[in-house]
Amino acid sequence: MMRGHCILSHGFESGPDATKVTALADVAERLGWSHERPDYTDLDARRDVSSLGDVVARLERLRMLAQAAASRGPVVLAGSSLGAYIAGRISLEVPVRGLFLMAPPISMGPLPMLDAAAVPISVIHGWDDELISAQAVADWAHARRARLLLVNDGHRLSDHVAASADAFGQLLAAL
C-alpha cells in the first residue's frame with residue numbers, strides 16, 4: 001500500500017530526468033510513495049513571457065496535478081530552484097503533508113515572495129549559491145521553523161545529490 005504521492009518539480013532549464021529529481025524519485029519509491037516528475041520544459045522555453053519562461057503556467061500545471069493527487073491521498077511537494085518556488089506557492093492552495101525545497105528562490109521579481117503552508121518543511125541550500133543568498137534562505141527557513149541543511153555547494157547542488165536524497169528520505173520517513 002502506498003503511503004502517499006510525491007510530485008517532484010525540476011528547476012528552470014532542467015527537466016524531469018534531472019539528477020536531483022531522479023534521486024528523489026528513487027527515495028520516494030523505496031519508502032513506499034508513488035511519484036511523478038512533471039515536465040515544464042515547454043513553459044521554461046517561453047522567453048516571450050519572461051526571462052524565466054511562463055511561471056504562471058508552471059504554477060497552474062502543478063496546481064492541477066497536486067489537486068488531482070490530493071483527492072486520492074497524502075501529497076508531498078518537492079522542487080529544485082524554480083520548482084521549489086512553485087511547490088511552496090502551491091502548498092498554500094492545495095493540502096499537502098510536507099515540502100522539500102532545494103535552492104529555493106525567496107523572491108521572484110514581480111511575483112509574490114516565496115511562502116509555504118504550515119507543514120513540515122525541509123530545505124537544502126548551498127552556502128555558495130550564486131543566485132540565491134544562503135542568509136535569505138536561512139532567514140526564510142527560520143521564520144517557518146523549517147529543517148535547514150546548508151552545504152558547501154553552489155546553486156545546482158551538484159556535489160550534494162546524495163545529501164539531498166537523504167534529507168528528502170528523512171522528511172518522508174517522519175511524515
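## The sheet

In this predicted model, six strands form an open sheet with parallel pairing, laid out in the order 2-1-3-4-5-6. The two edges belong to strand 2 (33-36) and strand 6 (147-151), each of which pairs on one side only. Go from one strand to its neighbour and you'll find a turn of 15° on average, if direction is ignored.

Let's zoom in on one pairing. Strand 1 (residues 4-9) and strand 3 (residues 75-80) run parallel and are joined by 5 bridges. If you want a spot to look at there, try Cys6, which stands opposite Val76 in strand 3.

## A helix across the strands

Next up is helix 4, covering residues 82-91. Helix 4 lies across strand 1, strand 3 and strand 4 (98-102). Its direction makes an angle of about 150° with that of strand 3.

## The whole chain

Zooming out, the tally is 6 helices and 6 strands. Follow the sequence and they come in the pattern β-α-β-α-α-β-α-β-β-α-β-α. The radius of gyration is 14 Å, close to the 16 Å that the globule rule gives for 175 residues, so the chain is as compact as a globular protein of that length. As for its dimensions, the C-alpha trace spans about 40 × 35 × 30 Å along the principal axes.

## The largest pocket

Now for the empty space. The largest pocket comes in at a volume of about 540 Å³. It is lined by 23 residues, and the ones closest to its centre are Phe12, Ser81, Leu82, Leu131 and His155. Leu82 ties back to the helix described above, as helix 4 spans residues 82-91.

Which element gives the largest share of the lining? That's helix 1 (residues 19-30), with 3 residues. By residue type, the lining of this pocket splits into 11 nonpolar, 9 polar and 3 charged.

Technical notes
Residues numbered from 1 in each chain as written. Predicted model: local features only at pLDDT ≥ 70, side-chain atom pairs only at ≥ 80, totals over all residues. Heavy atoms only, no water. Pairing = 2+ DSSP bridges. Helix = DSSP H or I, 4+ residues; strand = E, 2+ residues; numbered from the N terminus. Axes fitted to C-alpha atoms, helices over the stretch in contact; angles between N-to-C directions. Contact = heavy atoms within 4.5 Å. 1 Å grid on protein atoms, 1.4 Å probe; cavity = no way out; pocket = protein on both sides within 12 Å on 5 of 7 lines; lining within 4 Å. Points joined across faces, edges and corners; volume = space filled by probe spheres on them. Nonpolar A, V, L, I, M, F, W, Y, C, P; charged D, E, K, R; others polar. Rg over C-alpha atoms; globule rule 2.2 N^0.38 Å.
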